[in-house]
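Student: I should like to learn how to read the features of a structural model in an orderly way. May we proceed from one feature to the next?

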Amino acid sequence: MLRIAVPNKGSLSEPSAAMLREAGYRTRRDPKELIVTDAENGVELFYLRPRDIAVYVGSGTVDCGITGRDLLLDSGSAAVEVLGLGFGASTFRYAARPGTASALVDIAGHRVATSYQGLVEKHLADHGIQAEVVRLDGAVETAITLGVADVIADVVETGATLRSQGLEVFGEPILRSEAVLVRREGSEETAQVEVLRRRLLGVITARHYVMLDYDVPAALVDAACAITPGLESPTVSNLQNRDWCAVRAMVPRSGTNAVMDELYDLGARAILVTDITACRL
Ligand SMILES: Nc1ncnc2c1ncn2[C@@H]1O[C@H](COP(=O)(O)OP(=O)(O)OP(=O)(O)O)[C@@H](O)[C@H]1O
Ligand SMILES: O=P(O)(O)OC[C@H]1O[C@H](OP(=O)(O)OP(=O)(O)O)[C@H](O)[C@@H]1O
Ligand SMILES: [Mg+2]
């Protein structure tokens with residue numbers, strides 16, 4: 001059985017469960033369940049705190065897990081990223097009251113509040129900055145208001161929490177994070193982890209692409225295929241009317257309407273878009 005650690009709470013919890021469900025795994029129905037066995041797919045899901053997941057994976061007590069890249073780096077554990085999962089995106093940044101700091105060097109000699117002590121201490125050390133790191137569990141933005149720190153380092157998604165406390169980011173982002181699949185460092189990627197990786201990649205691809213079908217005059221097939229090159233190469237089929245062909249290709253979901261406009265202007269007709277439910281590339 002492949003042992004997979006899954007976030008039990010927080011921002012990554014629901015999207016992780018949704019991705020595993022789309023990849024064909026059985027997930028928990030009751031939020032109180034801590035372990036789910038999916039014998040049919042040969043996996044056991046362990047619902048754990050996102051912050052602890054890299055630690056379990058690094059110690060080898062579970063084979064792999066889903067956590068945030070920021071939490072993985074903060075843990076300093078022997079776990080490595082296998083695949084970025086495309087959800088839970090955020091940046092990890094320094095922030096302070098406007099006018100008090102504008103670059104990394106301004107942090108020197110000050111107090112930095114964060115829940116990510118390992119990550120921040122390493123970042124400061126890598127840049128040769130000496131500062132005191134104040135470790136807090138959450139609600140870090142309030143630390144400046146309450147006078148326990150001069151600077152904070154925290155997860156920023158929309159920036160609304162920072163603004164509510166009258167804070168501004170400064171310097172380059174320490175890190176761009178997202179949910180990631182992790183496994184133990186140094187161990188060979190097992191066939192079972194490879195199956196999980198391929199299934200999750202299938203979900204990511206299915207979310208990212210749509211299937212486009214259209215008819216186009218035979219003389220314009222090459223021009224049309226240049227607009228929709230697909231992943232390998234588009235499928236071109238004959239129609240009963242030999243003056244026309246049917247073309248089928250995967251296109252990125254985000255650009256679908258612009259591609260349809262371009263195909264229509266070229267002379268393509270009956271342009272259809274279909275969702276992809278799952279795929280293996
Ligand atoms: N808006 C967000 N706030 C916090 N974490 C986020 C956000 N968006 C993505 N994440 C990611 O979620 C992970 C943190 O998860 P965790 O469960 O510890 O905290 P949380 O989502 O803030 O939940 P809570 O603080 O309610 O327990 C990190 O990898 C972080 O980058
Ligand atoms: O940029 P935003 O969209 O405002 O999101 C980022 C904020 O959300 C999280 O806080 P959370 O609500 O999880 O509280 P916590 O600090 O106690 O973890 C995170 O720690 C930031 O404070
Ligand atoms: Mg939080």
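Student: Which strands does helix H1 lie across, and at about what angle does helix H1 run to E1?

Tutor: Please bear in mind that this is a predicted model. To place a helix against a sheet, one asks which strands it covers and how its axis is directed. Here helix H1, residues 13-22, lies across strand E1 (2-7), E4 and E11. Its direction is about 145° to that of E1.

Student: In what order do the strands of the open sheet of 6 strands stand?

Tutor: A sheet is read from one edge to the other, by partners and not by sequence. In this case the order is E2-E3-E1-E4-E11-E5, and the pairing is mixed. Strand E2 (35-38) and strand E5 (79-84) each have a single partner strand and stand at the edges, so one side of each has no neighbour in the sheet. On average, neighbouring strands are turned by 30° against each other, direction ignored.

Student: In which sense do strand E4 and strand E11 pair, parallel or antiparallel?

Tutor: The sense of a pair is read from the directions of its two strands. Strand E4 (residues 64-68) and strand E11 (residues 179-184) pair in the antiparallel sense, over 5 bridges. One of the residues involved is Gly68, whose bridge partner in E11 is Ala179.

Student: Into which domains is the protein divided?

Tutor: A domain may consist of more than one stretch of the chain. Domain 1 is made of 2-87 + 178-189, domain 2 covers 90-176, and domain 3 covers 210-275. The centres of domain 1 and domain 3, taken over C-alpha atoms, are separated by 39 Å.

Student: Why does ligand 1 lie between domain 1 and domain 2?

Tutor: One looks at where the residues of the shell come from. Both domain 1 and domain 2 give residues to the shell around ligand 1, so the ligand lies between them. Of its 15 residues, Gly10, Ser11, Gly68, Ser90 and Glu157 come nearest. Helix H2 (50-59) and helix H3 (69-75) are the elements that give two or more residues to this shell. By class, the shell holds 4 nonpolar, 7 polar and 4 charged residues.

Student: Which element gives the largest share of the shell around ligand 2?

Tutor: The same kind of reading applies. The largest share, 3 residues, comes from E9. Strand E9 (151-156) and helix H6 (160-164) each supply at least two residues. Among the residues around ligand 2 are Gly138, Glu141, Asp154, Glu157 and Thr161. The shell divides into 5 nonpolar, 4 polar and 3 charged residues.

Methods:
Residues are numbered from 1 along each chain as its sequence is written. Chains are lettered from A and ligands numbered from 1 in the order in which they are written. This is a predicted model: local features need pLDDT of at least 70, side-chain atom pairs count only at pLDDT 80 or more; totals for chains, interfaces and linings use all residues. A residue is near a molecule or strand if its C-beta atom, placed from the backbone, lies within 6 Å of it. Helices (H or I, at least four residues) and strands (E, at least two) are DSSP runs, numbered from the N terminus. Ala, Val, Leu, Ile, Met, Phe, Trp, Tyr, Cys and Pro count as nonpolar, Asp, Glu, Lys and Arg as charged, and the others, Gly among them, as polar. Domain bounds come from an automatic or database domain assignment. Two strands pair if DSSP finds at least two bridges between them. Axes are lines fitted to C-alpha atoms, for helices over the stretch in contact, and angles run from 0 to 180 degrees between N-to-C directions. Two residues are in contact if their C-beta atoms, placed from the backbone, lie within 7 Å.
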